[in-house]
Amino acid sequence: MFSNLVRKLVGIPSILDCNFASGLDAGGYLLYGLGRSLRPKVCVEIGSARGLSACLIGQALKENGSGKLYAIDPHEPTGWNDGNSVDSYSLMIANLERFGISSYVEIVRDYSTNIGKTWDKEIDLLFIDGDHSYEGVKADWEVFSPHVSKFGIVVFHDTTWDFHRDSKWFRSDMGVPKFVEELRVSGYQVITIDQYCGISMVQPKLGGVPLVSEDN
Ligand SMILES: C[S@@+](CC[C@H](N)C(=O)[O-])C[C@H]1O[C@@H](n2cnc3c(N)ncnc32)[C@H](O)[C@@H]1O
């Protein structure tokens, strides 16, 4: 009851009550919160599936009254779909329509590396949740993070699997923890929430973004 009231107050009525078959689950509050607080002009997500993360970012943009999310996913079997995979393309369209956010979310039905070849927009919020192999997540970082704006944020999902090896969902080919740990060790600031399989935020500038102007 209380949490329903809070959802109404913060403007994400019932998105989290829908069954998106997503491991992100309530970890999506973070994306919604970033969408509201960053007030991003351009958001990119890699890996949409049925659209939980897209709906939460889209809802934030709708409440902001501005911004666009480019939601990249081929919507075909990739090896990183949920086990009960169905036609995620038509389900995602239906979910965006259901929450009235279609005009804030552009579905880009393709692989991230194809889209990255010609990508030229500055990105304020980048969510990486597509190909979870080490090579896949590394490629997404290398292609898209150079486009992230000065105070822009990159969010990775599935970063703490190494601490949950006894889970029935554990996969030995999950490369996200190893890659994000490499970023941390090489000097990127990484803040991690160990819930919902791990959600990590990174500013793609070594050492972080200076908070005092270098001109002063
Ligand atoms: C874990 S699901 C994404 C979950 C989604 N973010 C949510 O909130 O429910 C992973 C998705 O990544 C997609 N995918 C896999 N490889 C990809 C790639 N190279 N580019 C874009 N999407 C990819 C799959 O089709 C799948 O739908």
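Let me begin with a pair of helices: in this predicted model, helix α2, residues 28-38, packs against α3 at an angle of about 25°, and their axes are 8 Å apart. With that angle, α2 is roughly parallel to α3. The contact draws on Gly 28, Leu 31, Tyr 32, Gly 35 and Arg 36 from α2. From α3 it takes Leu 52, Ser 53, Leu 56, Ile 57, Gln 59, Ala 60, Leu 61, Glu 63 and Asn 64. Sorted by class, the α2 and α3 contact comprises 7 nonpolar, 5 polar and 2 charged residues. The two helices cross in the right-handed sense.

Helix α3 has a second helical partner to consider. Helix α4, residues 88-98, packs with α3, again at an angle of about 25°, and here the axes are 10 Å apart. The angle is under 35 degrees, and α3 and α4 are therefore roughly parallel to each other. The crossing of α3 past α4 is right-handed. On the α3 side, the residues in contact are Ala 54, Cys 55 and Gly 58, and on the α4 side they are Met 92, Asn 95 and Leu 96. The classes in this contact of α3 with α4 are 4 nonpolar and 2 polar, with no charged residues.

From the helices I turn to the sheet. How many strands form the open sheet, and in what order? There are 7 strands, arranged β3-β2-β1-β4-β5-β7-β6, with mixed pairing. β3, residues 105-108, and β6, residues 190-193, occupy the edges; each has a single partner strand, so one side of each lacks a neighbour in the sheet. From one strand to the next, the twist averages 15°.

Where does α3 stand with respect to this sheet? Helix α3, residues 52-64, lies across β1 (42-46), β2 (68-72), β3 and β4, and runs at about 170° to β2.

Two strand pairs deserve a closer description. Strand β4, residues 123-128, runs parallel to strand β5, residues 148-157, and 5 bridges join them. Within that pair, Phe 127 is opposite Val 155 of β5. At the β6 edge, by contrast, β6 pairs with strand β7, residues 199-202, in the antiparallel sense, over 4 bridges. Val 190 has Val 202 in β7 as its bridge partner. These two strands, β6 and β7, make a hairpin with 5 residues between them, and Tyr 196 in the turn has a positive phi of about 55°.

A further helix pair is α6, residues 134-144, and α7, residues 176-185. Are α6 and α7 parallel or oblique to each other? They pack at an angle of about 45°, with axes 8 Å apart, and α6 and α7 are therefore oblique to each other. Their crossing is right-handed. In the contact, Tyr 134, Val 137 and Lys 138 of α6 meet Val 176, Lys 178 and Phe 179 of α7. The residues of this α6 and α7 contact comprise 4 nonpolar and 2 charged, with no polar ones.

I close with the ligand. Which residues come nearest to the ligand? Of the 23 residues around it, these are Ser 22, Gly 47, Leu 52, Ser 53 and Gly 130. Leu 52 and Ser 53 also take part in the contact of α3 with α2. By class, the shell around the ligand holds 9 nonpolar, 10 polar and 4 charged residues.

Note on methods. Residues numbered from 1 in each chain as written. Predicted model: local features only at pLDDT ≥ 70, side-chain atom pairs only at ≥ 80, totals over all residues. Near = placed C-beta within 6 Å. Nonpolar A, V, L, I, M, F, W, Y, C, P; charged D, E, K, R; others polar. Pairing = 2+ DSSP bridges. Axes fitted to C-alpha atoms, helices over the stretch in contact; angles between N-to-C directions. Contact = placed C-beta atoms within 7 Å. Parallel < 35°, antiparallel > 145°, perpendicular 65-115°, else oblique. Left-handed = near helix turned anticlockwise from the far one by under 90°.
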